Amino acid sequence: MTRSLDGKVAVITGAGSGIGRGIALRLAEDRAAIAVWDLNPDGAAETVRMVEDAGGKAIAITVDCSDRAAIRAAADATRSTLGPITILVNNAGIAPFTPFADIEEEEFDRVIRVNLKGPWLVTKEIVPDMLAAGWGRIINITSSSTQSGSFAQSHYVASKGGLLGLTKALALELGKTGITANMIPPGSIDTPMLRGAPIDAEAYGASLPVDRLGKVADIAAAAAFLASDEAGYMTGQTISTNGGRYMGSA
Ligand code: NAP
């Protein structure tokens, strides 16, 4: 058994920044060809440049991962350039902070659309490639806030909780097909999203059992394991990569 992803094609949504970029670099190191799907063309191009500088193969695709037609076009472009897609990391997300009483319906709908319906749409588009290959890896980036709650993020926590449920349902339904579905709920990882949040990131990191903020490489290591052949007996599971923030099960 090998951990090499040689010959495999991975779509990583939101890989133009932060955690997604870290996962792109790590899976490319393990020799997967990477499709960087992101709203932000400059960020996506920068990730591709970083992968190529490290000797890997990647393409950038500008796409709103909550728009069905755009997702279909992105998948077709990925297939025609790199081949069938058998690794999917649903990572793109938004995380506004708004007190419960102040969240308007439009904001709630937007968070659910990007963080929950988007992964559902992207997975629906890509699973047929995995079924045809008899092998697939779905890795959903949820959030430790779904395990513990998070102040002024009721819509975000609900969206990631939905993604948790989706992951387990997919694991059950696809179990016999060679496709696994697992999730990584990050704790506080040092990314532009975290730095934009209304919290004192350094103080928060120092309050954790491991005494630091997480790095994107911490999440990427968990993703690399879940993407590998070695993880084939793991499905519907949670790798809580959170510095000890939350110690319960999923
Ligand atoms: P980030 O630095 O903001 O990166 C997210 C990337 O996703 C950005 O490039 C963003 O583009 C893109 N994106 C947003 N909406 C998109 C859409 N509809 N279609 C395509 N791309 C989209 O965030 P991050 O910290 O790496 O977070 C990655 C994931 O981890 C998110 O799902 C987040 O909820 C989860 N997470 C993060 C932490 C943490 O501590 N950082 C903790 C728990 C969970 P734009 O910049 O153009 O919006």
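**Exercise 1.** Determine how the ligand is held by polar contacts and how much of its area is covered.

*Solution.* Begin with Ser17, of which a polar side-chain atom lies 2.7 Å from an oxygen atom of the ligand, a polar contact being a pair of N or O atoms within 3.5 Å (within protein, one must be able to donate a hydrogen and the other to accept it, and residues adjacent in sequence count only if both atoms are side-chain atoms). The model is predicted, so local features need pLDDT of at least 70 and side-chain atom pairs pLDDT 80 or more, whereas totals for chains, interfaces and linings use all residues. Residues are numbered from 1 along each chain as its sequence is written, and side-chain values use heavy atoms, with hydrogens and water left out. Next, take the backbone: an N or O atom of Cys65 lies 2.9 Å from a nitrogen atom of the ligand, and one of Val63 lies 3.5 Å from a nitrogen atom of the ligand. Finally, the protein covers 87% of the 890 Å² of accessible area (Shrake-Rupley method, 1.4 Å probe) that the ligand has on its own.

**Exercise 2.** Describe the shell around the ligand by residue and by class.

*Solution.* First, 27 residues surround the ligand (a heavy atom within 4 Å), and the closest are Ser17, Asn91, Tyr156, Ile189 and Thr191. Then sort them by class, which gives 13 nonpolar, 11 polar and 3 charged residues, where Ala, Val, Leu, Ile, Met, Phe, Trp, Tyr, Cys and Pro count as nonpolar, Asp, Glu, Lys and Arg as charged, and the others, Gly among them, as polar.
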